[in-house]
Amino acid sequence: DKIVQVFLTGLILLDDCANEFEKLDISQKETISLLGNIIMNLVEKLSSSNQKVVEGAETALMSLALFSGIGPSYVGSQAMKRMASKDSRGKLVCARFRLLRDIVNEFGSEAPHGQKLMDFVKTNGLGHKDAEVREAAKELTTAIYLRDGSSVASMLDGLTERQVKEYKISFASAKQAMKGGQQKSNGRIASNSKRSSAVADINDVLDSPAVEKRPTGANAIPTPRGRGRGRGRRVVSSKNTQAMERAVGIPNY
């Protein structure tokens with residue numbers, strides 16, 4: 001939906017749906033058949049001009065990566081899908097690099113294989129004319145280095161001498177930071193509390209000044225209560241949101 005408030009509220013509903021799928025213990029193949037197109041839509045939203053939409057899409061994708069029916073490898077593979085030439089010019093490819101960086105940092109060996117990631121980096125980032133894209137490519141490559149080690153260096157063919165030096169400095173700095181306890185190299189975060197935290201992040205976006213708030217005081221509208229992790233979450237009030245609540249059967253207590 002083009003209305004930001006409706007889109008963000010839909011992300012909370014998406015998370016509730018994912019939770020129900022997990023309870024039903026359906027296969028990954030069945031889950032992907034239901035959510036695959038939605039995941040690609042969220043990847044495309046990463047290039048939105050609205051920062052709230054970008055933040056919501058990022059959070060939802062990381063939450064789906066935590067979901068056992070989807071997983072980080074599948075979300076990562078969708079982020080590496082071939083882009084149209086117009087999409088590879090800047091913002092979207094930059095956003096994809098940073099999503100992949102976050103997946104590698106959070107999920108370690110459960111994220112996509114290093115060679116696949118580096119193929120994506122070499123195709124879309126190393127020689128890109130946009131400095132921001134090159135920087136995002138370097139950040140992803142550094143995350144892969146921290147996970148996979150020095151084997152990454154052999155995949156950097158085609159770089160200029162200056163770029164090789166920049167990458168080596170980035171590797172050394174990140175390794176030093178990790179040794180100092182400032183960065184984690186692996187470890188899955190797939191606990192229910194982390195998924196709930198991801199949903200809370202979406203609510204933070206909904207609660208931000210850029211999004212309309214509920215009335216307070218005498219005009220306050222009671223917070224709707226959904227099932228599962230949705231219980232107690234504050235949903236923004238507007239004609240669009242209320243219509244959606246009625247459509248999905250969320251009662252007003």
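The accessible surface of the chain comes to about 13,300 Å². Carbon and sulfur atoms account for 49% of that area. The model is predicted. Of the 253 residues, 46% count as buried.

The fold is helical. The chain holds ten helices and zero strands. Along the sequence the pattern reads α-α-α-α-α-α-α-α-α-α. Contacts often span long stretches of sequence: among those between residues at least 6 apart, 73% join residues at least 24 apart.

**Helices α5 and α6**

Two packed helices are described by the angle between their axes and the distance between the axes. Here the pair is α5, residues 91-107, and α6, residues 114-124. Their axes come within 12 Å. The crossing angle is roughly 160 degrees. Angles over 145 degrees count as roughly antiparallel, and α5 and α6 are therefore roughly antiparallel to each other. The crossing of the two helices is left-handed.

Which residues of α5 and α6 meet? The table sets out both sides of the contact.

| Helix | Residue range | Residues in the contact |
|---|---|---|
| α5 | residues 91-107 | Val93, Arg96, Phe97, Leu100, Val104 |
| α6 | residues 114-124 | Leu117, Phe120, Val121, Asn124 |

The residues of this contact divide into seven nonpolar, one polar and one charged. Arg96, in α5, is the charged residue. Asn124, in α6, is the polar one. Among the nonpolar residues are Phe97 of α5 and Phe120 of α6.

Key. Residues numbered from 1 in each chain as written. Predicted model: local features only at pLDDT ≥ 70, side-chain atom pairs only at ≥ 80, totals over all residues. Heavy atoms only, no water. Axes fitted to C-alpha atoms, helices over the stretch in contact; angles between N-to-C directions. Helix = DSSP H or I, 4+ residues; strand = E, 2+ residues; numbered from the N terminus. Parallel < 35°, antiparallel > 145°, perpendicular 65-115°, else oblique. Left-handed = near helix turned anticlockwise from the far one by under 90°. Contact = heavy atoms within 4.5 Å. Buried < 20%, exposed > 50% of the residue type's maximum accessible area, 1.4 Å probe, protein only. Areas by Shrake-Rupley, 256 points an atom, 1.4 Å probe, with all protein chains shown as cover.
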